[in-house]
Amino acid sequence: MNYKLTLQYDGTDFHGWQMQGAERTVQGELTRVLSLLEGRAVTVHGAGRTDAGVHAEAQVASVELAREFAPGKLRAAVNGNLAPDVRVSAVELVPADFHARYSARGKTYRYRLFNAPYLSPFLARFAYHDARAFDLERMTECARLFIGEHDWTAFSAAQADVQTRVRRVTRLDVSERWSATGRGRLIEVSASADGFLRYMVRAIVGTLLEVGRGEREPETITQAIAAGNRALVGATAPAKGLTLIKVHYDD
């Protein structure tokens, strides 16, 4: 039986999604619990890797189990054996050819910046804090430069196990709102693409933040994309502000 699991996690205390030896990872925790329930070792596939400190509201995993579980009972059993910083929110029985990674058509991430004189303890784990002034109009205009299909070498990790660094960014929005929880201004950058490279969203956000603070000219973005020059890109934004919002599938 092939199962699709949608899960949420606070990435603060995880060394990312992917299993890494003895390090605590989301994939490792899910594999441990599902293997326990199945009574044998299982392989859990994720829609994509999130780095250490990055969160997820709707990460997707798939796993084949010999035992048949009602979706609701499998969700309850898995959650009953997981630590509280990760939870399965939904379980679906899916066709045998469904694969969390290879069936995915795109992803949406959101980066949160708390722009106030202090960092609220309620946002400390889930938002990056910067009290400096940001020009949102300038950032919004600059965001348009990222839309489209490009080679994102300049905005990704130097070492990446991928066949191509070409990705199509379909959406990059910059918005602000008042955070009732934090009692301050929250700036959010939402990005959608057919796929993302390692550090890509955080490099884009870091560049936008420098543009918003008046420390970088928008023209350097076009130059960075064309030349694949990392020196023209802003500092990579901290992981704590980034959350995987949705994985997109044909259905």
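## Two pockets and a helix

About 270 Å³ of space lies in the second largest pocket. Of its 19 lining residues, H55, E57, R112, F126 and T243 are the closest to the centre. Strand β3 (55–64) gives the most to this lining, with 3 residues.

A word on the background: this is a predicted model, where local features need pLDDT of at least 70, side-chain atom pairs count only at pLDDT 80 or more, and totals for chains, interfaces and linings use all residues. Residues are numbered from 1 along each chain as its sequence is written, and side-chain values use heavy atoms, leaving out hydrogens and water.

On a 1 Å grid over the protein atoms alone, a pocket is an open set of points where a 1.4 Å probe fits, with protein on both sides within 12 Å along at least five of seven lines; lining residues have an atom within 4 Å of a point.

| Pocket | Volume | Nonpolar | Polar | Charged |
|---|---|---|---|---|
| Largest | about 1200 Å³ | 16 residues | 13 residues | 10 residues |
| Second largest | about 270 Å³ | 8 residues | 5 residues | 6 residues |

Now for helix α5 (residues 219–227), whose buried residues (under 20% relative accessible area, 1.4 Å probe, protein chains only) are T220, I221, A224 and I225. Seen down the axis of α5, they fall within an arc of 135 degrees, so they line one face of the helix. On the other side of α5, A226 and A227 are exposed (over 50%). Helices are DSSP runs of H or I, at least four residues, and strands are runs of E, at least two, numbered from the N terminus. After α5 comes G228, with a positive phi near 65 degrees.

Notes. The arc is that of the directions from the helix axis to the C-beta atoms. Grid points are joined across faces, edges and corners, and a volume is the space filled by probe spheres set on the points. Ala, Val, Leu, Ile, Met, Phe, Trp, Tyr, Cys and Pro count as nonpolar, Asp, Glu, Lys and Arg as charged, and the others, Gly among them, as polar.
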